[in-house]
Amino acid sequence: MIINDLKQKILKFVSKLTEFKLNLDKLVIEEPRNKKFGDLSTNAAMVLAPILKKNPVDIAEELKNELISRWNFISDISIVKPGFVNFNLKDEFIKEALKEIIIKKEKFGFNQSGKGISVQMEYVSSNPTGNLHIGHGRWGAMGDSLANIYAANGYKVFREYYVNDYGTQMEKFSDCARCIYLNHFGREIIYPEGGYPEEAVSVAVKRLIDIYGDKFIIEKNEIKEVDKESFKREIIKIMVSYISETLSLMGVEYDGWFYESSLYEDSNFEKVIADLKSKDVVYEKDGALWFRTSRYVNDKDRVVIRRDGNPTYFASDILYLINKAKRGYDKILYILGADHHGYVDRLKAIGKALGLAEDRIIIIIGQLVKIIEKGQTLKMSRRKGKLYTLRDLIEEVGKDAVRYFFSMNSFDTPMDFDINLAKQKSNQNPVYYVQYAHARIESIIGKIKEANLKNLNLNSFSIDKINTTALRFKNKSERNIAKILVLYPDVVYSSCLNNAPHLVTQYLYRLATEFHYFYNNFRVVNDNGDEAVVDIDRFILILLIKQVLQNALRLLNVSAPEKM
């Protein structure tokens, strides 16, 4: 990782100038927007200025003379007010760094920064009471991509779906399903008032009937009934399988499905409550049991057990976090929807009460998604009376578009999903634009194979024997592409550090843009009289681009097609 290594070098140097510990987050080394300022730029002098109480330009001069100028892979150092230090990477350094792509191939970009650290990620976790909505797709794409990114950084990742199969919501859903089921077998029952949308519940009931028929029908005094408990368990399983299928359509899979009901087995709830009482974390008031939330965060105390003796949702949150902690995960990551802002302080309060390190719990709040079609916000689908669901979206635009579009923006900002744009086969469609870069490279390789050119025999060609240090950059475009390629590991690292898969999509789009410019302006295969000749340097470059495109797309679980 070039940028991260440079940061560490600067921090080591800074530690000699001051006892103040510099915040790594504030120190930035990045590519300047204006290419005339060089390959990389740092704000280190301006971060240090208030600490050292010196002019940032003077600090920049010191950094330049005492540190940066001594790096043998750096050239053309300049200082720009109010204190930026700009510099270029030497071509020889870039060429040497390209070797890593050939050596590591599909593992290029991976690092071991998280080695030995386990992470449990919980995302989507929609109640099994209906179809997944569009927002669930965004959390699913983020969770799955982030899990891939964490794994690429060396973490041991466990993906988990939390199934809310306990409490009044499940009773209501089961009652709705029971009504439809009994009606199907001849007993007329009025659908529960305020029940879940009948169309969504019917999907689960139809599947139940297809598998089991009238297995759950029992006769009581010549009246058809069902065994409520066994029926409820099975209808929830059916709904969970439907949710699982929907998520699989967009490539989201889990290592485990955790059922809320398991938290209340073997008197676990009673044992936990007794323990919390002994620690004075909970107290009784007005016939209910309260958690001392206000002791730990700026929030009011929360009810754990209601007056009627039934546990609240907050009780399950406590039990689940305790369960995660007992399973020994070093980091516990939640991805929650936009309507769960209140959960942040509550979960932090539970963690503090349990004595968990504050940085052990990571909570990401996603923002809302709007579906746009022909410039209009889509609230209902074209099918009358049915909400536009995640499954509808996947079927309409395809897995790759859903995954890529949901990963394009920071998840703490709302987003518009433009259906018409996602379906376009043009360069205006960002996922098409990126995939087309890969397909173009495959097309070039295919043409070279067909031509059987004298100066390049692909049958005997081995990418493992490529010597990148011998590459010649004939123009700025080729050098710029090479620089972008060697910075990819920093993108993988930063995406993990900031929980930001959108940094990968930004990188992909930039790499694709540079490649398309190169493709339109320079030739890999040149006509040379009666025969065509391959420019070997450019051929090697596109092979390296192909590998990195594949690696980055794989993190997002988006395909790299050979043809478009």
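These legends walk through several close-up views of a predicted model.

**View 1. A three-stranded open sheet with antiparallel pairing.** The strands come in the order 10-11-12. Strand 10 (282–285) and strand 12 (302–305) sit at the edges with a single partner strand each, so one side of each has no neighbour in the sheet. On average, neighbouring strands here are turned by 45 degrees against each other, direction ignored. If you follow strand 11 (residues 288–291), you will find three bridges joining it to strand 12. A handy landmark is Phe-291, which stands opposite Arg-302 in strand 12.

**View 2. Helices that meet the sheet.** Helix 10 (residues 268–278) packs on the sheet and touches strand 10, strand 11 and strand 12. The direction of helix 10 makes about 95 degrees with that of strand 10. Helix 11 (residues 313–326) lies across strand 11 and strand 12, at about 80 degrees to strand 12.

**View 3. The largest nonpolar core and one of its residues, Tyr-181.** This core has 148 residues, and those with the most contacts inside it are Tyr-150, Tyr-181, Leu-393, Phe-406, Phe-417 and Leu-485. Helix 20 (residues 536–556) gives the most to this core, with 13 residues. Looking beyond the neighbours within four places in sequence, Tyr-181 is in contact with a set of residues including Val-205, Leu-208, Ile-209, Phe-216 and Phe-231. There is also a second, separate core of 37 residues, with Ile-273, Tyr-296, Tyr-320 and Ile-350 among them.

**View 4. Cysteines in a model with zero disulfides.** A disulfide is a covalent bond between the sulfur atoms of two cysteines. For Cys-176, the closest cysteine sulfur belongs to Cys-179 and is 7.6 Å away, which is too far for a bond. Cys-176 is buried, with a relative accessible area of 0%. Cys-496 is buried too, at 6%.

**View 5. Backbone details in three loops.** Most residues other than glycine have a negative phi, and most peptide bonds are trans. Lys-81 and Pro-82, however, are joined by a cis peptide bond, with omega about 10 degrees. Pro-82 is in the loop between strand 3 (74–80) and strand 4 (84–89). Lys-105 is not a glycine, yet its phi is positive, at about 50 degrees. You can find Lys-105 in the loop between helix 5 (99–104) and strand 5 (118–123), and at 26% relative accessibility it counts as partly exposed. Asp-286 also has a positive phi, near 55 degrees, and lies in the loop between strand 10 and strand 11.

Key: Residues are numbered from 1 along each chain as its sequence is written. This is a predicted model: local features need pLDDT of at least 70, side-chain atom pairs count only at pLDDT 80 or more; totals for chains, interfaces and linings use all residues. Side-chain values use heavy atoms; hydrogens and water are left out. Two strands pair if DSSP finds at least two bridges between them. Helices (H or I, at least four residues) and strands (E, at least two) are DSSP runs, numbered from the N terminus. Axes are lines fitted to C-alpha atoms, for helices over the stretch in contact, and angles run from 0 to 180 degrees between N-to-C directions. Contact means heavy atoms within 4.5 Å. A disulfide is a pair of cysteine sulfur atoms within 2.5 Å. Buried means under 20% relative accessible area, exposed over 50%, partly exposed in between (1.4 Å probe, protein chains only). A nonpolar core is a set of buried Ala, Val, Leu, Ile, Met, Phe, Trp, Tyr and Cys residues joined through side-chain atoms within 4.5 Å.
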